[in-house]
Amino acid sequence: MASATASISSHSVALRDLKAARIGAVKQQQQVAAASPAAGTAARAQRARAVRPLRAAEPARHPVSASAAAAPAPAPAAEEAPAVEAAPVDFEALAQELQGASPLEIMDRALALFGSDIAIAFSGAEDVALIEYAKLTGRPFRVFSLDTGRLNPETYQLFDKVEKHYGIHIEYMFPDAGEVQELVRAKGLFSFYEDGHQECCRVRKVRPLRRALRGLRAWITGQRKDQSPGTRASIPVVQVDPSFEGLAGGAGSLVKWNPVANVDGKDVWTFLRTMDVPVNALHAQGYVSIGCEPCTRPVLPGQHEREGRWWWEDATAKECGLHKGNIDKEGQPAAAAAHKAGGGGANGNGSAGAPDIFESSGVVSLTRGGVENLLRLENRAEPWLVVLYAPWCPFCQAMEASYLELAEKLGAGSGVKVAKFRADGEQKAFAQKELQLQSFPTILLFPSRTARPIKYPSEKRDVDSLLAFVNSLR
């Protein structure tokens, strides 16, 4: 797909200039509704219509200017023609139609279809690109954000900058104070480090989001396929939301748009720099994926962007629940589901669909028996560096290049063997018990004269850091 910047055609620039007066016109729409009872009644009637499962009714609403709202309504005709219901929209077919469309085209279609019944979900990270795309369409748009109470100061500062830059008011949603109080009093402020982040995210993020979406017929997210290959690889550009309910209530009452689903992260950043959009100051400090302060940290060389989130948990758990409908059964991606079940792939080790990684003549592929032999030996002829991995894991994939380069450097008479052991599926329990596996990837050094392997303690997986680890212990 062409880059995000290339997607802004001369047509879109012309569209922006022609419709600039309507940018960010949420406040204007509210004034219109107040000035014209008829317009307000029509809007309420419009929101009352349900979105049908998979084939939602396309609204026939258009932005109304203040002057038009103030004008007197024409006298009714003697006989009014019967109302003609708008043609339904097949969102599965629409997703196919828009598969190759630019983010700007997708955003324009979303705002045109749903008017004031759709809003952009803004997290305070690079998804500010969504607001810029919405502005470029020239259509009115709404923005909401979840204030969990534990965001970084830099994120709050970005909220303020964005509101001033675009002349909009972000609609903030907050967690229920009673639920937060109950959680903190029962389990403390940092319980997520002990028993996982899902409970805290459910209270501070998922439930407030659920309340926000009940007032909408559609929402717009910044999900991208490359953000988390294990959990977001199949995101469509538009879908009937499988997890949350919209204004009409019930299954199929909410539509979810993902305009940048097919855009690479680097192209999003090219677009942000080109358009001189305000961004979170944390990005300049190495943060890529930004959430709550206790659960977010900068990523290091060789790490995938999602590795800066919930780093103490397994790679399959790096979702908070806001987009669980884009993950396979029970919140697990297909590869992770196979990994949890302990079978399905080659040698019963996880996902059959994931190609193997760390493929090189300089990397020895160990079997379970080979690893057990290494564990038994107290005096090895040479030290062994072994990575415990799962081929579907995006964090293992992210360090593949640096590990292969390390193998090449150590292969020239260094006396160190470089190896890999696939530790998902049937081998996971063994690796957890005998090899100190907690999450993927785990790197172990089996010294030449020490029985117990030494676990690499750092999250830095660049060649120089790994080489320093090996040299300090051999």
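This is a short dialogue on reading cysteines, aromatic rings and a surface patch in a predicted model.

Student: How many disulfides does a search of the whole structure find?

Tutor: A disulfide is a covalent bond between the sulfur atoms of two cysteines. Here the search finds zero.

Student: Why is there no bond between C393 and C396?

Tutor: The two sulfurs are 3.7 Å apart, which is too far for a bond, because a disulfide needs them within 2.5 Å. For C295, the closest cysteine sulfur belongs to C292, at 6.0 Å, again too far. C295 is buried, at 8% relative accessible area, and C393 is buried too, at 0%.

Student: How many aromatic pairs are there?

Tutor: A pair of aromatic rings is described by the distance of the centres and the angle of the planes. The count here is 15. In one of them, W219 and F244 meet edge-to-face, with 6.3 Å between centres and 85° between planes. W219 belongs to strand β6 and F244 to the loop between β7 and β8, so the pair ties together parts 25 residues apart in sequence.

Student: Are W219 and F244 buried or exposed?

Tutor: W219 is buried, at 2% relative accessible area, and F244 is buried, at 3%.

Student: Where does F190 lie?

Tutor: F190 is in the loop between α9 and α10. With L189 and Y193, F190 forms a nonpolar surface patch of about 290 Å² accessible area together. F190 counts as partly exposed because its relative accessibility is 42%.

Student: Which residue lies over the face of F190?

Tutor: R150 does, at 4.9 Å from the ring centre. Likewise, the charged end of R368 sits over the ring of F430, 4.0 Å from its centre.

Key. Residues numbered from 1 in each chain as written. Predicted model: local features only at pLDDT ≥ 70, side-chain atom pairs only at ≥ 80, totals over all residues. Heavy atoms only, no water. Patch = residues over 30% accessible without salt bridge, like charges linked within 9 Å, V, L, I, M, F, W, Y side chains within 5 Å. Areas by Shrake-Rupley, 256 points an atom, 1.4 Å probe, with all protein chains shown as cover. Salt bridge = Lys/Arg side-chain N within 4 Å of Asp/Glu carboxyl O. Helix = DSSP H or I, 4+ residues; strand = E, 2+ residues; numbered from the N terminus. Buried < 20%, exposed > 50% of the residue type's maximum accessible area, 1.4 Å probe, protein only. Phe/Tyr/Trp six-rings, centres within 6.5 Å; stacked < 30°, edge-to-face > 60°. Lys NZ or Arg CZ within 6 Å of the ring centre and 35° of its normal.
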